[in-house]
Amino acid sequence: GDVRQFVAYSGVTTSYAAANYQSVGGVSGQGTISNWMLSPELSLQNGSTVSFYTRTVSGSLFPDRLEVRLSKNGASTNIGSGTEATGDFTTLLLSINPSLDAGGYPDTGWTQYTVALSGISGTAAGRIAFRYYVTDAGSNANNSNYIGIDEFSYESVLPVTLLNFSGAIQDNKAMLKWSTANEINNKGFDIELSRDNNNFSSIGFVA
């Protein structure tokens, strides 16, 4: 990221991903931007969530657009060829400022977006993609300025539905009890201990 535009949401001031109007190829300074940033391969399930922060320059006069897309084709990085193609990333999860309206992209500070996955049968492997997609873009065009993306996270659905959990002291020892409604591909439970309410280490395993 460029601190002359804005600083990161968290961490080092430049520690965010950025894209801008200079993404137009060639010398004309006008065209369609289709820039992609892909996640690692993920285990996909209904209900899993994608979360991130994004923003543009304060008071930006040039519209920007960001798409969040999904591929259910494993480790594929196929985004197709040409600025209009999406390759294996056919599922549009979210579009920020789809109509490219002036002032339609968050410009008053970092804004968090969260979207849940749906339409997945069982579990699948795939990737999440951020696509900076702006038409009539570039230094000699009407659209595109500068955007940043920070603190991307992917939260998968737990394979266990917990009914209850309790802890009590018995004979000077901690007694932990829990029960589950269902478990999917669950190997077991790590038991961890903290002596400072901050750092934990494993002290046992229950299959």
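Strands here are DSSP runs of E, at least two residues each, numbered from the N terminus. With that settled, open the model, which is a predicted one, and head for its pockets.

**Stop one: the largest pocket**

Start by selecting V160, L162, W178, F189 and D190. Of the 13 residues that line the largest pocket, these lie nearest its centre. The space you are looking into comes to about 260 Å³.

Now colour three strands: β10 (160-170), β11 (173-183) and β12 (189-194). Each of them gives two or more residues to the lining of this largest pocket. Which strand supplies the largest share of that lining? Pick out β12, with 4 residues.

Switch to colouring by residue type and the lining of the largest pocket splits into 9 nonpolar, 2 polar and 2 charged residues.

**Stop two: the second largest pocket**

Next, select A174, L176, I191, E192, L193, S194, F200 and I203, which line the second largest pocket. Its volume is about 160 Å³.

Keep β11 and β12 coloured and add β13 (200-206): these are the elements that give two or more residues to the lining of the second largest pocket. Where does the largest share of this lining come from? Once again, go to β12, which puts in 4 residues.

Leave the residue-type colours on for a last look: the lining of the second largest pocket has 6 nonpolar residues, 1 polar and 1 charged.

**Before you close the viewer**

Show β12 on its own for a moment. This strand gives the largest share of the lining in the largest pocket and also in the second largest.

Key. Residues numbered from 1 in each chain as written. Predicted model: local features only at pLDDT ≥ 70, side-chain atom pairs only at ≥ 80, totals over all residues. Heavy atoms only, no water. 1 Å grid on protein atoms, 1.4 Å probe; cavity = no way out; pocket = protein on both sides within 12 Å on 5 of 7 lines; lining within 4 Å. Points joined across faces, edges and corners; volume = space filled by probe spheres on them. Nonpolar A, V, L, I, M, F, W, Y, C, P; charged D, E, K, R; others polar.
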